[in-house]
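The exercises below concern a single protein chain. Work each one with the structure open, then compare with the solution.

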Amino acid sequence: MDKFIIKSTNSLNGQVIIGGAKNAVLPLMTACIINPGIYKLNNVPILRDTLTMAKLLKMVGADVKINKNTFTINTEGCNSPYAPYDLVKTMRASFYVLGPFMSRFKKAQVSLPGGCAWGPRPVDFHIKALKKMGAKIELSGGYINSEGELYGADIVFDKSSVGATGNIIMAAVKAKGITKILNAAMEPEIDSLIEFLQMMGSDIKRENDGSVVITGVKKLNNRVTYDVIPDRIEAGTFMIATAMCGGDVTLKKVNPNHLSIVTNKLIEAGADINISNDIINIKMINRPNSVDMTTAIYPGFPTDLQAQWMALMTVARGSCTVTDTIYTDRFTHIAELERLGAKIHLDNNVAHISGLKKLIGAEVMSTDIRASASLVIAGMFSTNETQISRIYHIDRGYENIEKKFNKLGAQIKRVS
Ligand code: EPZ
């Protein structure tokens with residue numbers, strides 16, 4: 001199993017090109033199942049997760065051609081609405097096939113995703129909403145067996161959910177009648193999915209109050225070419241790394257609008273940030289200020305940058321709190337950051353952090369995608385050497401992260 005060996009990095013300087021968004025392209029790939037056709041997705045990041053999704057699509061009967069960062073997905077041959085546990089357990093987003101399967105085949109057998117690295121992640125909202133649309137759903141042997149014609153319905157989730165919003169939108173595009181999702185997720189990845197489905201000929205509107213209205217249609221287009229939106233989480237990771245290590249970094253091919261709260265928080269922490277079109281430049285000279293942060297649904301501070309923000313705060317001037325309201329148990333990175341000497345006290349979903357002048361390199365272990373990103377950032381800042389094991393986690397969400405950081409002056413070696 002690969003691991004990273006990281007030497008201390010004085011500062012990060014130069015340019016980095018941000019790739020397409022993992023959390024946007026995964027639902028786009030499943031959306032291609034809805035209607036037999038040939039769909040071309042450009043700016044797709046080459047990640048363990050996008051390759052896993054390609055594997056799942058092939059199992060369903062699709063043909064997926066990969067040419068650099070362009071995936072051409074031909075779903076004319078899809079014939080088996082089945083998603084096995086072996087795949088779903090490696091990537092929860094495989095569960096996003098449920099809506100498309102019901103839309104196309106009016107039946108589905110999809111493994112329940114089970115828990116993840118930091119705790120339970122239920123899918124009850126997805127199931128409840130599909131039942132409300134008329135699906136007959138039975139859980140057996142760890143699988144969801146769903147079948148039946150779908151009808152439009154008014155859907156209200158107990159709380160905003162990216163996955164459930166995406167799955168139900170995809171289930172509703174060919175349902176009979178009108179589906180209205182009230183507290184639909186506002187994440188840019190959902191707006192991108194809506195845009196792609198509209199290009200497929202779906203009748204979908206985002207209302208001013210954020211709700212989404214889908215009027216079922218009979219016929220859809222079967223040829224769409226689409227550019228995947230930039231990855232705001234990858235961009236946020238590089239910005240926070242620059243704030244921690246110091247330096248002057250220019251991020252290219254980003255959408256600054258998707259990062260407003262992250263930019264504001266970094267400015268509070270003492271960074272100098274300049275934005276123009278799809279470029280963000282961040283300069284950091286001094287030691288960061290301690291800044292409290294609470295995660296929230298978009299446009300709030302993303303939970304997928306919580307671990308990285310915590311790493312930054314471990315070396316900030318003063319003390320602060322980091323609170324996760326989306327995943328109240330997403331803190332497996334704390335024990336690993338403490339191995340580097342960080343001072344963190346966790347009280348339920350609030351971490352109290354006392355900033356230190358330095359961290360000291362050690363052997364640490366990745367537990368999930370974003371926790372591993374926080375360890376890479378902390379490892380670059382730490383004196384001595386840091387070794388991070390189980391980096392297959394980071395390869396799930398970041399394309400060539402060590403090459404990109406090394407171009408900015410870091411010293412990260414991948415060793416098998
Ligand atoms: C998406 O997960 C992202 N994954 C996650 O990113 C991200 O952390 C999360 O949204 C929140 O922003 C992908 O897009 C592939 P949710 P998802 O449904 O859709 C609860 C990463 O690192 N909930 O919005 O699974 C849930 O437990 C990953 O890239 C239910 O209770 O998240 C959580 O507390 C990690 N029942 C909250 O809602 C449900 O049926 C939000 O979850 C569904 C969700």
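**Exercise 1. Locate Pro299 and describe the peptide bond that precedes it.**

Solution. Pro299 sits in the loop that runs between β18 (293-294) and α10 (306-313). The model is a predicted one. In it, Tyr298 and Pro299 are joined by a cis peptide bond, with omega about 10°. As background, most peptide bonds are trans.

**Exercise 2. Determine whether the overall dimensions of the chain agree with those of a compact globule.**

Solution.
- Step one is the expected value: for 416 residues, a compact globule would have a radius of gyration near 22 Å.
- Step two is the value for the model: the chain has 21 Å, which agrees with the globule.
- Step three adds the extents: along the principal axes, the C-alpha atoms fill a box of roughly 60 × 45 × 40 Å.
- Step four looks at contacts: among those with a separation of 6 or more, 73% are between residues 24 or more positions apart.
- Step five turns to burial and surface: 57% of the 416 residues count as buried. The accessible surface comes to about 16,400 Å², and 50% of that belongs to carbon and sulfur atoms.

The secondary structure that makes up this chain comes to 14 helices and 24 strands.

**Exercise 3. State how far apart the mean positions of the positive and negative charges are.**

Solution. The chain has 48 positive and 38 negative charges. Their mean positions are 4 Å apart.

**Exercise 4. Find the largest nonpolar core and examine the surroundings of Phe196.**

Solution. The largest nonpolar core has 75 residues. Met29, Leu41, Ile169, Phe196 and Leu197 have the most contacts inside this core. Leaving out residues up to four places away in sequence, Phe196 touches Leu28, Ala31, Cys32, Tyr39, Leu41, Val224 and Tyr226. Apart from the largest core lies another one, of 66 residues, including Cys245, Val262, Ala373 and Ile401. As a general point, nonpolar side chains in soluble globular proteins tend to be buried together.

**Exercise 5. Describe the burial of helices α4 and α5, and what follows each of them.**

Solution.
- Begin with α4. Seven of its eight residues are buried, so this helix is largely enclosed by the rest of the structure.
- The buried residues of α4 are Leu98, Gly99, Pro100, Phe101, Met102, Ser103 and Arg104. Lys106 follows α4 and has a positive phi, near 55°.
- Continue with α5, residues 124-132, in which Phe125, His126, Ile127, Ala129 and Leu130 are buried.
- The cover over these buried residues includes α4 (98-105), together with β8 (136-140), β9 (143-147), β10 (154-155) and α6 (162-172).
- Just after α5, Gly134 has a positive phi of about 105°.

**Exercise 6. Is Leu340 buried or exposed, and what does it touch?**

Solution. Leu340 lies in the loop between α11 (333-339) and β20 (343-347). The cut-off for buried is under 20% relative accessible area. Leu340 has 2% and therefore counts as buried. Its contacts, setting aside neighbours within four places in sequence, are Leu359, Ile360, Gly361, Ala362, Val364, Ala378, Gly379, Ser382 and Thr386.

Follow one of these contacts, Ser382. Ser382 lies in another named loop, between α12 (369-381) and β23 (385-389). Ser382 counts as buried because its relative accessibility is 0%. Beyond four places in sequence, Ser382 touches Ser8, Leu340, Leu359, Ile360 and Gly361.

For scale, the C-alpha atoms of Leu340 and Asp203 are separated by 52 Å, with their positions 137 residues apart along the chain.

**Exercise 7. Give the burial and contacts of His333.**

Solution. His333 lies in helix α11. Its relative accessibility is 2%, so His333 counts as buried. Outside the range of four places in sequence, His333 touches Gln306, Ala307, Met310, Ala371 and Ser374.

**Exercise 8. Which accessibility class applies to Asn348, and which to Arg390?**

Solution. Both residues have a phi near 55°, a positive value in a residue other than glycine. Asn348 is in the loop between β20 and β21 (350-354), and Arg390 is in the loop between β23 and α13 (392-395). With a relative accessible area of 65%, Asn348 is exposed. Arg390, at 36%, counts as partly exposed.

Methods
Residues numbered from 1 in each chain as written. Predicted model: local features only at pLDDT ≥ 70, side-chain atom pairs only at ≥ 80, totals over all residues. Heavy atoms only, no water. Helix = DSSP H or I, 4+ residues; strand = E, 2+ residues; numbered from the N terminus. Buried < 20%, exposed > 50% of the residue type's maximum accessible area, 1.4 Å probe, protein only. Contact = heavy atoms within 4.5 Å. Core = buried A, V, L, I, M, F, W, Y, C linked by side-chain atoms within 4.5 Å. Rg over C-alpha atoms; globule rule 2.2 N^0.38 Å. Areas by Shrake-Rupley, 256 points an atom, 1.4 Å probe, with all protein chains shown as cover. Lys, Arg positive; Asp, Glu negative; His and termini not counted. Charge placed at Lys NZ, Arg CZ, Asp CG, Glu CD.
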